[in-house]
Amino acid sequence: MSVWSAIKDANRAIDPEPSVALRVAVGATVMVAVVALLAEDIVGTAPAAAALVGVPAGFALSYAQRFSDALVLKGFLAIGLVAALIAFVGDLAAAAQAGFVNVQVPLAELFVWVQVLHSLHVPARRDLMFSLASSGAMLSITAALSVSPLLGIWMALWAVGLVLSLTLAYRSQLTDAPALETNPAPLTAGVTGSVARLVTMVVIAGMILFFVLPAARSSRAFTFPMNLPSSIPLPNPGGFSNPSLGNGGQSGTGSDGSNRAAFGYFGFAEQLDTSLRGRPNDQLVMRVRAPAPAFWRGQTFDTWDGRTWTLSDDEATVVGGNTPIRTRPTLGDDRPFGEEFIQTFYLEAVGPNVVFGAYRITDVYFPERFLFQLTDGTLRSGVELGSETVYTVVSHRPHVTETALRAADPLVHGVPDDIADRYLQLPDVPDNVVELARTVTASAPTTYDKIRALEAWMAANTTYSLDIPPLPPGADAVEHYLFETQQGFCEQIGSSLVVMLRSQGIPARLVVGYVPGDRNPFTGLFDVKASDAHSWAEVWFPGIGWQGFDPTAAVPLSGDAEPPTTAGAGVLDYLSTRLPRIASTLAWALRVALVGGVTLVLVSIAGRLLEQRRRRRGQSWDEAMNELLADAGLVRGRPRDTAETTVEFVHALVAGPIPDERLVGVAAAIDDAAFGTADLSPERKHDIEETLDAILTAHPPSRLRSLAR
């Protein structure tokens, strides 16, 4: 035997997998993982296109070539895998400096290329099982990076495909065993019933786990995500910019709110004018991964003139140089450390160059090396923050409870001069506003109780409304809200609380940011819409720092905030408000899966037909018939021995899986064609082919009997 022959024999496919159903199930399962990865827009155009086209085509080619040694193909695959690995190592070296997200992208692309290349040569059952394992790894990467609720649908489809593939693999393995009786009974009641039971079991198990497993928690053991799709420097380093406000976003909008995008909030500006009207729409602006709800603070205002809030000191200091960027304590931050609270922000729309986070931010994992910190703790970036920007914030929150706030009373312990100068400033406040504050808080024993008394009075005597009349020229916004209209939205309400607290000697300021948003139980993230933009009051407590209060929304105290206990917490409330949109999305996903499955089946059938035509082209009639007999025996658990003659092999089939004496006559005709002195007529060959087809149809493998049921 030559060396080349030895190599070919060593590389010849071992036990080629004959089950078309198994190949279709594995291929569909792999495609679910591929589409889930591509839907998250994680990989580039080249691997995405290669996966969509290459995986189905590769499975079809693999079936057609399953009996081939494919030495040349294996050589090309080895070269392709080495090239993909080299590219991954090169991308990894650069991406490792940018954080977890950018490290995961090259890894995801590597798995895509491995899956595409591997699909070109999956002749045996073990190769199909490797494809399943690789698809599971791809789905795991997708889950680590996903911020989309669609992931749950893809995971459910993948789980069903996995169970179905493993079941079909087990059945196919049983057909390899020798038949124990002439007419073996079917293994199960049929594939249709099995699939229905498998789907039901997967769905029930998934729902139970969803409502039982604890919700994910952030941890310092996790490499913090950060990403910046483009780095466009702002013209004024340390200054404010908000493209959604128009006019370059440098100073907000005019009193008529012109040039403002529908999702732009006029409070994210260098000043907050309470005479402005109109609220942002419901566009999704960001998603937040956090262990519990919190108010996502943006910036504060401390100077009030009766209509407009401004910041008395907007001098910015550069912080950073290393990862993470460490912030500096600012005026009023009495307790520098507390409970660690980690948040990751995934921006979905352009917005202000403000870094959001729960009070108090101590560390920021940001794609740029430097940030600008204002004297009130506001953090600004020196570049535009567009959609797909990702950054992680670590806050340290003091353990705040009602008892702690009552004990830390600024009216008892005193207010330092620097805090009083900045956060007790007031213009000429109308007397009726001061008198109202004094009357409402007269019987409250502590500062905390005075705040709650003012909130309760406003809740009982005023109305939150988005449809309020314009502020008359020269009118005081707080007086107009409390005594004229008794209607307003968060800007008027928060301003009134701050002004009344200051009139009673309690240091306070106005904050703008976002309320927590709705927690999506399928992603574990808080979905924050533009309409969640909000303003509220912050009050200074000695030994604690700044604590938020709001008459219109419950600001969670860090000591009382209840994190979600299970992954599925709040799922019923979430679904009840989104059923029409979810139904539309589910219908789209099912259509995609159906089209993909049908395409894969058609490609497999076409590949099988082409392969059969190729194999029979150039063969003599007797060779083609012998090959057909060998295939029939292989799928029925009785492969043909290389030393067996046609007659010997047929007698073994008649005594085993194909008990039909007509098969002996077929074998005799095949031998006549191979060794006889005269050729068989076309009519005789046609009769033999029809007879063999009738025999094989009447005696299908046990696996096909189950399919027939």
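Start at the hairpin of β18 and β19 in this predicted model. Three residues lie between the two strands. Select Gly543 in that turn: its phi is positive, about 80 degrees. Now show the strands themselves. β18 and β19 (residues 545-549) run antiparallel and are joined by five bridges. For a register mark, pick Phe541, which stands opposite Gly545 in β19.

Stay on β18 and select residues 533-541. Nine of its nine residues are buried. Colour the two faces separately. One side carries Ala533, Ser535, Ala537, Val539 and Phe541. The other carries His534, Trp536, Glu538 and Trp540. Both faces are covered.

Next, add β15, residues 508-514. This strand pairs with β18 in the antiparallel sense, over seven bridges. Use Gly513 to set the register: it stands opposite His534 in β18.

Move to the largest nonpolar core, which has 77 residues. Select Met286, Trp296, Phe345, Val364 and Tyr514, the residues with the most contacts inside it. Then show helix α15, residues 490-503. This helix gives the most to the core, with seven residues. Apart from this core lies another, of 32 residues. Among its members are Ala25, Ala50, Ala51 and Ala169.

Now go to helix α13, residues 447-461, and pick Glu455. Is Glu455 buried or exposed? Its relative accessible area is 8%, so Glu455 counts as buried. Show its side chain together with that of Arg452: a polar contact of 2.8 Å joins the two. Then look beyond the neighbours within four places in sequence. There, Glu455 is in contact with Leu497, Phe549, Asp550 and Pro551.

For a contrast, select Ala133 in helix α6, residues 125-145. Ala133 counts as exposed because its relative accessibility is 51%, and the cut-off is over 50%. Add Val30 and draw a C-alpha to C-alpha distance. The two residues are 9.2 Å apart in space and 103 residues apart in sequence.

Finish with an open sheet of three strands. What is the strand order? The order is β6-β10-β11, and the pairing is antiparallel. Select β6 (316-320) and β11 (379-380): these are the edge strands, and each pairs on one side only. Then select β10, residues 370-374. β10 and β11 pair over two bridges, in the antiparallel sense. As a last stop, pick Phe372, which stands opposite Arg380 in β11.

Notes
Residues numbered from 1 in each chain as written. Predicted model: local features only at pLDDT ≥ 70, side-chain atom pairs only at ≥ 80, totals over all residues. Heavy atoms only, no water. Pairing = 2+ DSSP bridges. Helix = DSSP H or I, 4+ residues; strand = E, 2+ residues; numbered from the N terminus. Buried < 20%, exposed > 50% of the residue type's maximum accessible area, 1.4 Å probe, protein only. Core = buried A, V, L, I, M, F, W, Y, C linked by side-chain atoms within 4.5 Å. Polar contact = N/O pair within 3.5 Å; in protein donor to acceptor, adjacent residues only side chain to side chain. Contact = heavy atoms within 4.5 Å.
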